[in-house]
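Okay, thanks for coming, everyone. I'd like to talk through the empty space in this one, so have the model open.

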Amino acid sequence: MKLTVFRHEREAAAVLADRIAAEVAANPALVLGLATGRTPVPLYQRLVDLYRRRGIDFSRVTTFNLDEFWGLGPDHPGSYRAYMQRHLFAHVNIDPARVHFLNGLAPDAERECARYERAIAEAGGIDLQVLGIGGNGHIGFNEPAGALNARTHLAVLKPQTRRANASFFGNDASRVPADALSMGMATILQSRTVVLVAMGRGKRRAVERMVHGPLTTRVPASFLQLHPQVEVLLDEAAAESVTLSALSVTAANP
Ligand code: F6R
């Protein structure tokens, strides 16, 4: 894993947005895997800003979001589909036909997950997957457990994860859906490059276990140690328990 520490989340967002812009310029048909939650908000702001200032052309880019709440349709403001629309898709020239989501209202979860796996394969796989990390070490909605699902599946959310998502549901964790559809660990690990962003003290322990810990289903992010191209963007608080030898680059304030 290549770890980089930034003074402020804005700097990490700027570096990652520039990187995505460069990759889109080099390969206009790039396939991006996207995350939601609080962490990527500055990244999406920056991408919108770059689109307006430099006109990055998203028209041939394909996207696959990691996960979606089970039981929520795209029009529900708490859905991840609505989140992506608000933060990115409504503001750039992405082709709606190239935007892919798991359907939280699908009649059959298993068939919906199989459809998503096929769609990713038909797109040629994910070139660059953006990830956040839960304070408990989850990625996507692959929660700590005795066993993990390799492929896209219906996941039961931990109470901690529902609490962390409460801000999208009037700060009421009981209104956060109890289940979600999520890419599985193998789906994520098949992406060509993974960039994980973790900011703040609440991610410190999860980052430490992801980087230094044993591979364990109790810390799903630890499986990223198996991937040859993982980049981790941290702030100082999230990097606090990572030993210096693991840090290949330290970015100073530009
Ligand atoms: C969201 C997702 C989750 C989040 C994680 C961190 O699509 O897959 O794994 O990345 O829960 O969330 P934030 O960024 O809100 O701390």
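I'll go through the pocket first and then the cavities.

Quick housekeeping: this is a predicted model, with local features needing pLDDT of at least 70 and side-chain atom pairs counting only at pLDDT 80 or more, while totals for chains, interfaces and linings use all residues. Residues are numbered from 1 along each chain as its sequence is written, and side-chain values use heavy atoms, with hydrogens and water left out.

So, the largest pocket (on a 1 Å grid over the protein atoms alone, an open set of points with protein on both sides within 12 Å along at least five of seven lines). Its volume comes to about 450 Å³, meaning the space filled by probe spheres set on the points, which are joined across faces, edges and corners. Lining residues, those with an atom within 4 Å of a point, number 24 here, and T36, G37, I133, G134 and H138 lie nearest the centre. Split by class, that's 9 nonpolar, 12 polar and 3 charged, with Gly counted as polar and Asp, Glu, Lys and Arg as charged.

Now the cavities, where a 1.4 Å probe fits but cannot get out. There are 2 of 30 Å³ or more. The largest cavity has about 90 Å³ and 13 lining residues, L16, T39, P40, L43 and V197 being nearest its centre. That lining is 10 nonpolar, 2 polar and 1 charged.

And the second largest cavity? About 40 Å³, with a lining that includes L32, F58, T63 and F89. Its classes: 8 nonpolar, 1 polar and no charged.
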